[in-house]
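Thanks for coming, everyone. Please bring up the structure on your screens, and I'll walk you through a few parts of it.

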Amino acid sequence: MRKNRIIGCVCALACLCVNPLPADACTGITLKSKGDTTIVARTIEWGGSDLNSQYVIVPRGHVGRSYTPTGVDGMTFTARYGYVGLAVEREEFVAEGLNEAGFSAGLFYFPNYGGYEAYDSLRKETSVADLQLVSYLLGECASVDDVRERLEKIHVVNVDPRASAVHWRFADKSGRQLVLEIIDGVPRFHENKLGVLTNSPDFDWQLTNLHNYVNLFTGTAPERQLGDVELKSFGAGSGFLGIPGDVTPPSRFVRAAFYQTSAPRRETARETVFQCFQILNNFDIPIGIEFPLGKVPCDIPSATQWTSATDMANGVIYFRTMYDSSIRSVNLRTIDFSKVSYCAVPLDTKKTQPVKEIQVD
């Protein structure tokens, strides 16, 4: 009975991903401080229901087991490193996290382009569900160099064959960043020197598409003559006139690329974290635009369910949610991962935006 209930929960989550329209809006950016501390930040969206997100504290030595299409009978893995993860729907499904070695990992939806190898029950002992790959690698890797080696030894599979694929972003304290996409069953790694990631199409296509916006520049467009007519900008920032404003992944990739590269470097890592959150304000998706008019399926305040920023050098992961826009953090350096107990805690204990009333004498 318990096994059937678990499989039912997994299939329910997988069904969320079958229709990519309301589910594929994740946006990732990267900023550096003046001291060259790298901060990776991202949003996660789903407009169809509350993902009941949690943060999980995972100690060294914690044993996990992967889901497969036939149950919780895939690969067993033991964490060499302790980590903190932000999970969606189930505590095992970590979508973003940081480990004690300073290695960061996150998944982003990748519908219609990604495709894993078919699940083979004879390989179940080396099979890892795509939604658990972040958890597995956070427990195993100290740097992005470790990722390729680990991928050679496992098989990444769907829990449900109907579900959307995902792709992944990995980063470490050095600032190096990799994107992993599995297409037609073949892992493809990309050095992500730009530091931006959204969803479909594939990463190479997104980089190529940036060339369509070679005309964009920071600041205000200069005055010019059009025959006898003098043309002047209506306001500041007209150099970005024509930047796409919709919420599709290609448009968000372009906006994220130009917003992050035009941002001034801040003095400290903490100031850079705050700047990441400010930039990602531009990528919040309001409830209502992803569905036909009057067909919104649930009562949540935003399709952007949470936003996170990760300081790998200082070992801190920050987040805010659709219910509480105040920024919260977990400092991994304050955790003894050899002694701490495993726990999973809702990101929001109260699902309502706190309001601080100003008292006037």
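Let's begin with Ile183, whose bridge partner in S13 is Val186. Before going on, a word on the source: this is a predicted model, in which local features need pLDDT of at least 70 and side-chain atom pairs count only at pLDDT 80 or more, while totals for chains, interfaces and linings use all residues. Residues are numbered from 1 along each chain as its sequence is written, and side-chain values use heavy atoms, with hydrogens and water left out.

When I say strand or helix, I mean a DSSP run numbered from the N terminus: H or I with at least four residues for a helix, E with at least two for a strand. Two strands pair if DSSP finds at least two bridges between them.

Back to our pair. S12 and S13 run antiparallel to each other, paired over 6 bridges. Their hairpin has 2 residues between the strands, and there Asp184 takes a positive phi near 55°. On the other side of the story, S12 also pairs with strand S11 (residues 166-171), again in the antiparallel sense, over 4 bridges. That hairpin has 5 residues between its strands, with Gly175 in the turn at a positive phi of about 95°.

So how covered is S12? In strand S12 (residues 177-183), 7 of the 7 residues are buried, where buried means under 20% relative accessible area, exposed means over 50%, and partly exposed lies in between, using a 1.4 Å probe and protein chains only. In a regular strand the side chains alternate between the two faces of the sheet. Here Gln177, Val179, Glu181 and Ile183 point one way, Leu178, Leu180 and Ile182 point the other way, and all are buried.

Now zoom out a little. These strands belong to an open sheet of 8 strands, in the order S13-S12-S11-S8-S7-S6-S3-S19, with antiparallel pairing. S13 and strand S19 (343-346) are the edge strands, each pairing on one side only. Neighbouring strands of this sheet are turned by 20° against each other on average, direction ignored. Further along the order, strand S7 (residues 94-99) and strand S8 (residues 104-109) pair over 3 bridges, and Gly97 stands opposite Ala105 in S8.

What lies across S6, S7, S8, S11 and S12? That is H2, running at about 5° to S7; angles like this go from 0 to 180 degrees between N-to-C directions, with axes fitted to C-alpha atoms, for helices over the stretch in contact. In helix H2 (residues 133-140), 8 of the 8 residues are buried, Leu137 and Tyr136 among them.

Leu137 brings us to the nonpolar core, meaning a set of buried Ala, Val, Leu, Ile, Met, Phe, Trp, Tyr and Cys residues joined through side-chain atoms within 4.5 Å. The largest one has 87 residues, and those with the most contacts inside it are Phe103, Leu137, Trp168 and Phe170. Helix H6 (residues 269-280) gives the most to this core, with 6 residues. Have a look at Phe170: it stands opposite Leu178 in S12. Leaving aside residues up to four places away in sequence, Phe170 touches several residues, including Phe103, Leu137, Val144 and Leu180, where contact means heavy atoms within 4.5 Å.

Next, helix H5 (residues 249-262). Its 14 residues reach 20 Å from first C-alpha to last, close to the 20 Å expected at 1.5 Å a residue; the expected span is 1.5 Å times one less than the number of residues. Of those 14 residues, 11 are buried, including Phe253 and Phe258. Their cover includes strand S1 (28-32), helix H4 (203-209) and H6.

Finally, some backbone details. Most residues other than glycine have a negative phi, and most peptide bonds are trans. The peptide bond from Ser200 to Pro201 is cis, with omega near 0°, and Pro201 lies in the loop between S13 and H4. Asp36 is not a glycine, yet has a positive phi of about 70°; you'll find Asp36 in the loop between S1 and strand S2 (38-45). Is Asp36 buried or partly exposed? Partly exposed, because its relative accessibility is 47%. Asn52 also has a positive phi, about 50°, in the loop between S2 and strand S3 (54-58). Thanks for listening!
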